[in-house]
Each structure stands twice: as structure tokens, then as C-alpha cells.
Amino acid sequence: MNINISYPPSNLSRLSNAEIDRRIKKIRDWFGRRLLILVHHYQQDQIVRQADAIGDSFALSRRAAETDAEFIVFCGVHFMAETADLLTTAQQKVFLPNIDAGCSLADMADIGAVTYAWQKIQEITRDNPIPVTYINSHLDLKAFCGQNGGIVCTSSSAQAALEWAWEQKSKVFFFPDQHLGRNVATKMGIAPEEIIMYDPKRPVDAEFMRQIKNARLILWNGFCCVHQAFFMSDIERLRKSIPGIKIIVHPECPAEVARNADFMGSTEYIIRTVSAGEPGSAWGVGTERNLVYRLAKQFPDRQVILLNEKASMCRTMAMITPIHLLYQLECLSAGNLVNQVMVPENLRADALIAVQKMLDLPK
Ligand code: SF4
């Protein structure tokens, strides 16, 4: 599908932040309700200030499904804008202000490799496990789930999606994030020996076949480079330096970190829990830095710090800058529909089946 891709000209980079904000506001006022700006929690403050709705992938998917705005500008990463396009009507248009803003986790599973693994698993088990894909995945994997009786999940809905899947079949094939699958299943009481990671390079020997046959959860070997970079040593360091600190982490963190944290949950869960903390409490938070810095500013009466300062920036989220947002809006107001994200029609129906199942899960 041909997309008209365009990048901000260099003269925009000379604008002050105040001028960028002023020009964005002017265009937003001009569009009124015809325009909706959706912003993920991991975006920087200057973009969050322009949001009509802020949320994690799940909340923003719901918001996209509900809106009747004609133009939806998604300040997040590519799979999120794609999901928004999936959930809106043919008359609505979705834009990603920097079309290069992808997700390294989503890039770790491609349809060819997943289909090959799926066929191998079927040969070994002589059964069809339920495929479950994290929303942080390419659209063809969501369509794969729709075609094969599976479902999409977010970090907020992963437990409900796994419960639903295990009601259908005894085995689940979960991709692309191994940590989310493992951490949520462990929290649900699934034993370590019932969870196996599919390794495409591993020879299909008797031991591998035995493990696959016994597994209730087969994981893909993907990870988020932001959340995988939190370690047990970060938790130990903070607990030593700030006695009584509560550690709260996202389920994309490694198992050891998730197991030893005081709390684990989705981005929205982290926000709710820290917001409900007592004045004077201290929180070590294992997730993306923009969100943690914002929580720290929002709650000056408590200590909110990153679990690891060095490892917590999502570089692809950061590819959407205020200048990209301004340029996107200026193009739209001039009738120039650049950076539109469009779901391929041959995948739409199947992907929608799997995403709609997620939206229909009990809360
Ligand atoms: S934080 Fe991780 S999963 Fe989220 S968009 Fe960035 S790379 Fe992808």
C-alpha cells in the first residue's frame, strides 16, 4: 500500500517550544471535534499536553473504537496506529507523525517464522493450541490469531486473555513477548515446567517433544529492550539505599524482577497504584522514563524514582517529537494527508476478529 511519507523540514527545528505549542493549539481549535490526538503514556510532556486522550495501548484502542473524529493523530508507535485504523470506520483516517516510529518488540516476530513454529507445534502435539498475540505485534500476526481461533491481548488484559484461551484448549502459543506471557502465567499459578520457550534453532529431539507436549504455555523468544534492561541488582540497590521503598514493575520485565517486585502490572495499573500511594511513600518504578518522571512531578509528596536511570527510554516512542506533531497537523490543515496508517484490506477482517475478542473480554 502506498503511503505518502513526509518529514518535518529543518526550519521547524528553529521554533521555540512556546511557538510550537501555539501553532498546534491554533490548528486543534480550527479542526475542533474533527480531530482527535491520542497520546501514549511514554511520550514526552510537551506532546502529552496536546492529548485529547492519554493511555496505554488498551485504553487508546478503546478510545479509537469509540470516537467519531475524522482525523486521528496517534502519538505512539506504528502497531498502535495500525490498531486504531483497524477499529475505526473507512471514513476515518489515522496518522502517525513519524512513520518510522516502530516497536523493536513487535519486530521480533514475523509471520513466516511464527507460522513455521505453529506448524511444528501442531505436528508434535497433534493439536491446535490457541494463539495469543500481544498487541505489540505486526498486523499479520493479529490476523493469524483471528484465522486460528486466537485472541489479541494487552498487558492490562493478558490474564483475562489467557484465562479465556485455557477455557478453549489446554495449550496456548503466546507471542512475541516472552516475559509478559511467563510473568502473567506464573501469577496465575502455572508451574515453571508447564511453560516452555520455543527456540527455532533447537533440534526437534525427544526431550524438546516431551517438553512441548507437557507445556500449557509455549512462548516466543521476544522481549522489550526497555523493560528487559531492569535487573535484580537494581531492586537490591534501591532497597538498600531507601528502606521501605516499594518496587513496582511492568510485566515486560524479566521473571526475576517481576517475582521480586512488590507489585507488577500494566502501565495503567502502575499509574493507579503509585497515585494511590501514601504521602511520604517511596516507589521504585520499572517502566519507561517519561511516565515515571511525570508521576514524580505529579506527586511531589512521595518519592517516585526509576528502577534504573540508564535503561528506561523507549527510543522509538521518542521518534515522535513536538515538531513531528506540529508538522503532521500543518499538513492535515493544508489538506495534505501524509503519514496515514492503513491496514491492508486482506488482513482487516481476520485481525479485527482477534482484536474484538480482546475488547469483549470481561474487565
Ligand atoms: S517500550 Fe518496548 S514494547 Fe513499548 S513501544 Fe518501546 S520497544 Fe515497544
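**Entry 1: a pairing in the middle of the chain**

I began at Pro 131, which stands opposite Phe 173 in S7. I noted straight away that I am reading a predicted model. The two strands behind that pair are S5 and S7, and I found four bridges between them, in the parallel sense. Next I followed the chain out of S5: it passes through H6 and arrives at S6, a β-α-β crossover that is right-handed.

**Entry 2: the other neighbour of S5**

I then turned to S6. Strand S5, residues 130-134, runs parallel to S6 and is joined to it by three bridges. Two pairs I looked up here: Val 132 is opposite Ile 151, and Thr 133 is opposite Val 152.

How well covered is S5? I checked its residues, and five of the five are buried. Ile 130, Val 132 and Tyr 134 are on one side, Pro 131 and Thr 133 on the other, and both faces are covered.

**Entry 3: the whole five-stranded sheet**

Stepping back, I wrote down the strand order as S6-S5-S7-S9-S8, an open sheet with parallel pairing. The edges are S6 (151-153) and S8 (195-197); each has a single partner strand, so one side of each has no neighbour in the sheet. From one strand to the next I get an average twist of 25°.

Two helices caught my eye on this sheet. H6, residues 139-147, lies across S5, S6 and S7 (172-175), and runs at about 155° to S5. H8, residues 178-187, packs on the sheet and touches S5, S7, S8 and S9 (217-219), its direction making about 155° with that of S9.

**Entry 4: the four-stranded sheet**

Further along the chain I came to another open sheet, of four strands, ordered S11-S10-S12-S13 and with parallel pairing. Which strands form its edges? They are S11 (263-264) and S13 (303-306), each pairing on one side only.

I looked at the S11 end in more detail. S10, residues 246-249, pairs with S11 in the parallel sense over two bridges, and Val 249 has Met 264 as its bridge partner in S11. Helix H13 (289-298) packs on this sheet too: it touches S12 (282-286) and S13, and its direction makes about 165° with that of S13.

**Entry 5: backbone oddities**

A reminder to myself before this one: most residues other than glycine have a negative phi, and most peptide bonds are trans. I went looking for exceptions.

The peptide bond from Phe 175 to Pro 176 is cis, with omega near -10°. Pro 176 sits in the loop between S7 and H8.

Arg 126 is not a glycine, yet its phi is positive, near 55°. I placed Arg 126 in the loop between H5 (111-125) and S5.

Asn 339 also has a positive phi without being a glycine, at about 60°. Its loop runs between H14 (322-333) and H15 (345-360).

Are Arg 126 and Asn 339 buried or exposed? I counted C-beta neighbours for each. Arg 126 has 7 inside 10 Å, so it counts as exposed. Asn 339 has 26 other C-beta atoms within 10 Å, so I put it down as buried; the cut-off for that is 20 or more.

Technical notes
Residues numbered from 1 in each chain as written. Predicted model: local features only at pLDDT ≥ 70, side-chain atom pairs only at ≥ 80, totals over all residues. Pairing = 2+ DSSP bridges. Axes fitted to C-alpha atoms, helices over the stretch in contact; angles between N-to-C directions. Contact = placed C-beta atoms within 7 Å. Buried ≥ 20, exposed ≤ 12 C-beta atoms within 10 Å, placed from the backbone. Right-handed = clockwise from strand over helix to strand, strands pointing away.
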